[in-house]
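Visitor: I would like a close look at a single part of this model. Please take me through the place where the two chains meet, and then through the sheets behind it.

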Amino acid sequence: MTETIVDPQQEAQAEALFRERYDANVRRTDRLFAYLLLGEWALALAIAIWFSPYGWSGKIRTVHVHVPVAIFLGGAITLPPVLLAFTRPGWTVTRYVIAIAQMLFSGLLIHLSGGRIETHFHIFGSLAFLAFYRDWKVFVPATVIVAADHLIRQALWPESVYGIANPEAWRFLEHAFWVVFEDLFLVVSCLIGVAEMRKIAAQQIAVEKTQGAARELAIAASIQMAILPSEVAVPGLEVSAKMIATDEVGGDYYDVLPVADGCWIAVGDVAGHGFRAGLAMLQAQSALSALVRRSPDARPSELWSDLNYTFYDNVRTRLHNDEHMTMSLLRYHRDGRVEIVGAHEEILVWRSAKKQVEVIPLRGTWVGVSRTAFAEEQTLRLAVGDLLVLYTDGIIEARDPSSGRMLGLDPVRDVVVRDHANSTGEIRDAIFDLTTAGGRDDDASVIVLRYCGVEAAAAAA
Amino acid sequence: MTWRRALLFAGLGVWLAGVAMTFFFLWRYKMTPGPLAEAPATWPVASSIARDPQLPNIVMFAHPQCPCTRASMTELARLSDELNGRAKIHVVLVRPDGVEPGFEDGAVATRAAQIPGVDVVVDDGGKEADRFGAIVSGSTVVYGRDGKLLFRGGLTIARGHEGRGPAHDRILSLLSNKPADRADAPTFGCDLADHETLTAARVP
């Protein structure tokens, strides 16, 4: 599957990575050819000394012409490209000079080996080595050298190329054709190689970006989970709370903020989930925390209104985003009085005296939808042993594995009825257990509170 | 174009031209033949080489230590393959006077011995070479069944350079009683005798 990059910055990064690797490959190949050329020079000298050390005139011997040719012509072919390879690696000119030198070496080795047909394979091997550059243009000077050699010798000494004195004028084309034939495949392999390198660079940048985003999300998630309270000591209350996010960063929010004669309790859910929802949730948490510290005795509807204004201003006006959230805001007093405001899921209240669950609906507007918010304040009174159960839609909208339908409120209520005598932590976990079989599509939070009475509150205080 | 770049390209141009010129002189040296064998028109009666009267006879004179002659031997082997027994082939290893024992041994003798059906003889002092007028190693003479000279020259395309040359077609044509464009070919190889010996031999 083709990796498509639409982000111009990512595309530029991929191109830069490709260039860096291409350049490294060219430099590496320059060095490789430098050593190869030096090796070929040594080989030429060895061939000359081993096979034709002397020329003879009867019994008189002199150094064969191959020896100085191997030394001086070999050196002349070798040294300039080697110098360029070590001082100017990566230059376009360097690899063109290397390509020319490599072809010239084919000519020299053919001379020194006495024109052995096997030595002619050096030309084709050299062309294949040149493909290491993945630059199809290096084949141009290499092929021109081969063609020029044949053309010139055809004009001057045709027997030396074709073994006949009067070859056809086009004959050099036949020899050049086989070089071009190989060139064609090598050019295609170079083009494919470059395309592959580009693709790999693009994929690596994409992977790095994804890994970077994943790392950032993991950091954000750890911050978010750290800021949510799990066990809170509030005089007169047994409290257990937990949030499980679908993504690394969730949009759910809950908080328990102790104050002098009780605490503030909030449960909310930012629309959507993921990084932006998590960011909005953190803003709501910060704003409410600050408002509670400034006005711990404020009316819940006032705090609600201020929180809405702050959230709206941050998200809509400054960040130009459109997140909003549902929320329940409760003010608990030690005497068991609870004032409730908000627009969120219904609150379950276990009445220990009546052994039944009350369902309290909330009426109000969502936080962050408009600059002004409406919320109807309600008051209820808790008796010793009563339970308050708050949750987000991730619980009641979880799927029943057998029917595929959403869980709804009834199973949650059944758990409260069944487990009311258990600890708040056990009740909370039992509610979460309802959702594990079918899987959740959304973040889920549960807070369970048990009122322990004024005496217990006073003792704890 | 900056002056540095211009200097670089000029330097590369000089380099390429210098290397090309050296190759040119190397090729010219390799393509410059030695003198043709001034072979007698009929097989010399005094020759000790055992002529086969039933077949045409091909005689190659070789300097045993000449590196160029290895290519001549390769081409003689090629010609032998193509003739497939239609001619008797002789290789005469010319051994100059005053050389160490074993001078005639080496790569040339080894290659000659590997050609099927070839008679290899050692020519002490180059007497046979003189009889056939051979001056350059690789010189080859071809005589017909009737003992008349058909061809003289070398088999290689250049000095010490393998490759099927024009001599092959000419010899094959002449031995098949067909006309050939020429009855000779350039000969490439070391001198069979040193200059002083050659000069002395030619003094009447």
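Guide: What follows covers the interface first and the sheets of each chain afterwards. Keep in mind that this is a predicted model.

Start with the extent of the contact. On one side stand 41 residues of chain B, and they touch 40 residues of chain A. The two chains bury about 3300 Å² between them. Carbon and sulfur atoms give 71% of that area. Within chain B, the residues that lose the most area to chain A are B:Trp15, B:Phe23 and B:Trp27. Together these three account for 20% of what the chain B side buries.

Now the polar side of the interface. The count is 11 residue pairs in polar contact between chain B and chain A, with both residues at pLDDT 80 or more. The rule finds 1 salt bridge across this interface. A:Lys59 forms a salt bridge with B:Asp194. Their closest N and O atoms are 3.6 Å apart.

Which helices of chain B supply at least two residues each to the side that touches chain A? They are helix H1 (3–30) and helix H6 (195–202). H1(B) gives the largest share of that side, 14 residues. By residue class, the chain B side divides into 23 nonpolar, 9 polar and 9 charged.

Next, the sheet of chain B. It is an open sheet of 6 strands, with mixed pairing. The order is S3-S2-S1-S4-S5-S6. Strand S3 (118–124) and strand S6 (184–185) of chain B are its edges, each pairing on one side only. Strands of a sheet pair through backbone hydrogen bonds, and the pairing can be parallel or antiparallel.

Take the pairs in turn. Strand S1 (residues 57–62) and strand S2 (residues 88–95) of chain B run parallel, joined by 6 bridges. Here B:Val59 stands opposite B:His90 in S2(B). Strand S4 (140–143) and strand S5 (149–153) of chain B pair in the antiparallel sense over 4 bridges. B:Tyr143 stands opposite B:Leu149 in S5(B). S4(B) and S5(B) form a hairpin, with 5 residues between them. In its turn, B:Gly147 has a positive phi of about 85°. S5(B) also pairs with S6(B), in the parallel sense, over 2 bridges. There B:Gly153 stands opposite B:Ala185 in S6(B).

A helix lies across this sheet. Helix H5 (residues 166–175) of chain B lies across S1, S4, S5 and S6 of chain B. H5(B) runs at about 175° to S5(B).

Chain A has an open sheet of 5 strands, with antiparallel pairing. The order is S3-S12-S11-S8-S9. Its edge strands are strand S3 (237–244) and strand S9 (356–360) of chain A. The twist averages 15° from one strand to the next. At one edge, 5 bridges join strand S8 (residues 347–351) of chain A to S9(A), and the two run antiparallel. A:Ile347 has A:Ile360 as its bridge partner in S9(A). Helix H12 (residues 424–436) of chain A packs on the sheet. H12(A) touches S3, strand S11 (387–391) and strand S12 (444–451) of chain A. The direction of H12(A) makes about 150° with that of S12(A).

Definitions and conventions
Residues numbered from 1 in each chain as written. Chains lettered and ligands numbered in written order. Predicted model: local features only at pLDDT ≥ 70, side-chain atom pairs only at ≥ 80, totals over all residues. Heavy atoms only, no water. Contact = heavy atoms within 4.5 Å. Buried area = accessible area lost by both parts, 1.4 Å probe. Salt bridge = Lys/Arg side-chain N within 4 Å of Asp/Glu carboxyl O. Polar contact = N/O pair within 3.5 Å; in protein donor to acceptor, adjacent residues only side chain to side chain. Nonpolar A, V, L, I, M, F, W, Y, C, P; charged D, E, K, R; others polar. Pairing = 2+ DSSP bridges. Axes fitted to C-alpha atoms, helices over the stretch in contact; angles between N-to-C directions.
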